[in-house]
Amino acid sequence: MLGKAIGKNFDFGYAGNVSRNRDNVIISRVVKQGETDILFGQAVVLNEDNTIQKISADNTQQQCIGIAIREVKQTTNYFTSEGAYHSGDTCSILTRGTATIKCNAGTPKAGNKVYVRVKENDTGVVGEFEAEQHEGNIALENVIFTTGQIDKNNIAEITILSRRI
């Protein structure tokens with residue numbers, strides 16, 4: 001639902017927030033030792049040793065199990081509100097439900113495909129999301145944009161329709 005006050009639209013919040021509570025499934029896994037930080041709102045994959053890491057070019061869309069969310073852990077940088085899970089941290093992961101994410105490219109449309117960046121380039125950061133096909137991103141078959149809305153900070157809502165774990 002779009003919030004308004006005196007003719008202004010409210011922002012949708014921060015990347016990695018669970019935005020609707022009806023059908024959410026949240027799990028926890030440890031971030032693999034030696035892996036790069038996983039920012040709130042980035043896509044994660046499950047490793048064979050039951051740890052997780054940020055999605056990369058070595059992964060397929062079937063390996064993406066969900067989105068790192070800020071369920072309990074708070075931001076570590078109060079100037080940007082950009083928090084992260086570090087190597088060895090227990091990470092909260094949304095595996096089904098709706099959350100806010102950063103959309104780096106394209107304009108979301110309700111019900112359209114969501115793409116995740118797996119190779120770094122000028123449109124975005126690995127693990128973050130896009131609304132259109134580009135070289136270096138892959139479509140997630142069980143994820144759609146919830147609404148066609150995006151705020152001034154490029155925050156949009158996506159819904160994970162079915163669990164992979």
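**Contacts of Glu130, strand pairing and a pocket in the predicted model**

The side chain of Glu130 makes a polar contact of 2.8 Å with the side chain of Arg117. A polar contact also joins the side chains of Glu130 and Asn137, at 2.7 Å. These values come from a predicted model. Glu130 belongs to strand β11, which covers residues 129-130. The relative accessible area of Glu130 is 0%, so the residue counts as buried, the cut-off for this class being under 20%. When residues up to four places away in sequence are left out, Glu130 touches Cys103, Asn104, Ala105, Val114, Tyr115, Arg117, Thr123, Gly124, Asn137 and Phe145. Both partners in the polar contacts, Arg117 and Asn137, are included in this set.

Strand β9 spans residues 90-102 and is mostly covered, with 10 of its 13 residues buried. Strand β9 pairs with strand β3 (residues 18-30) in the antiparallel sense, over eight bridges. Within this pairing, Ser28 has Ser92 of β9 as its bridge partner. A further antiparallel pairing, over six bridges, links β9 to strand β13 (residues 155-160). Here Thr98 stands opposite Thr159 of β13. Strand β7 also pairs with β9 in the antiparallel sense, over two bridges, and Ile67 stands opposite Leu94 of β9.

Strand β7, residues 64-68, is in turn joined to strand β5, residues 43-46, by three bridges, and the two run antiparallel. In this case Ile67 of β7 is found opposite Ala43. Ile67 thus faces Ala43 as well as Leu94 of β9. Strand β5 forms another antiparallel pairing, with strand β6 (residues 52-54), over three bridges. Val45 has Gln53 of β6 as its bridge partner. Five residues lie between the strands in the hairpin of β5 and β6, and in this hairpin Asn50 takes a positive phi near 70 degrees.

One aromatic pair is present in the structure. The ring centres of Phe40 and Tyr85 are 5.4 Å apart and the ring planes lie at 70 degrees, so the arrangement is edge-to-face, a class that requires planes over 60 degrees apart. Phe40 is located in the loop between β4 (38-39) and β5, whereas Tyr85 is in strand β8 (residues 84-85); the pair therefore ties together parts that are 45 residues apart in sequence. Phe40 and Tyr85 are both buried.

The second largest pocket holds about 150 Å³ of space. Its lining consists of Arg20, Arg22, Asp23, Asn24, Arg96, Gly97, Thr98, Thr159, Ile160 and Leu161. Strands β3, β9 and β13 are the elements that give two or more residues to this lining. The largest share, four residues, is supplied by β3. Strand β9 is paired with β3 and also with β13. Thr98 and Thr159, which stand opposite each other in the pairing of β9 with β13, are both among the lining residues of the second largest pocket.

Conventions. Residues are numbered from 1 along each chain as its sequence is written. This is a predicted model: local features need pLDDT of at least 70, side-chain atom pairs count only at pLDDT 80 or more; totals for chains, interfaces and linings use all residues. Side-chain values use heavy atoms; hydrogens and water are left out. Two strands pair if DSSP finds at least two bridges between them. Buried means under 20% relative accessible area, exposed over 50%, partly exposed in between (1.4 Å probe, protein chains only). A polar contact is a pair of N or O atoms within 3.5 Å; within protein, one must be able to donate a hydrogen and the other to accept it, and residues adjacent in sequence count only if both atoms are side-chain atoms. Contact means heavy atoms within 4.5 Å. Rings of Phe, Tyr and Trp (its six-membered ring) pair if their centres lie within 6.5 Å; planes under 30 degrees apart count as stacked, over 60 as edge-to-face and the rest as tilted. On a 1 Å grid over the protein atoms alone, a cavity is a set of points where a 1.4 Å probe fits but cannot get out, and a pocket is an open set with protein on both sides within 12 Å along at least five of seven lines; lining residues have an atom within 4 Å of a point. Grid points are joined across faces, edges and corners, and a volume is the space filled by probe spheres set on the points.
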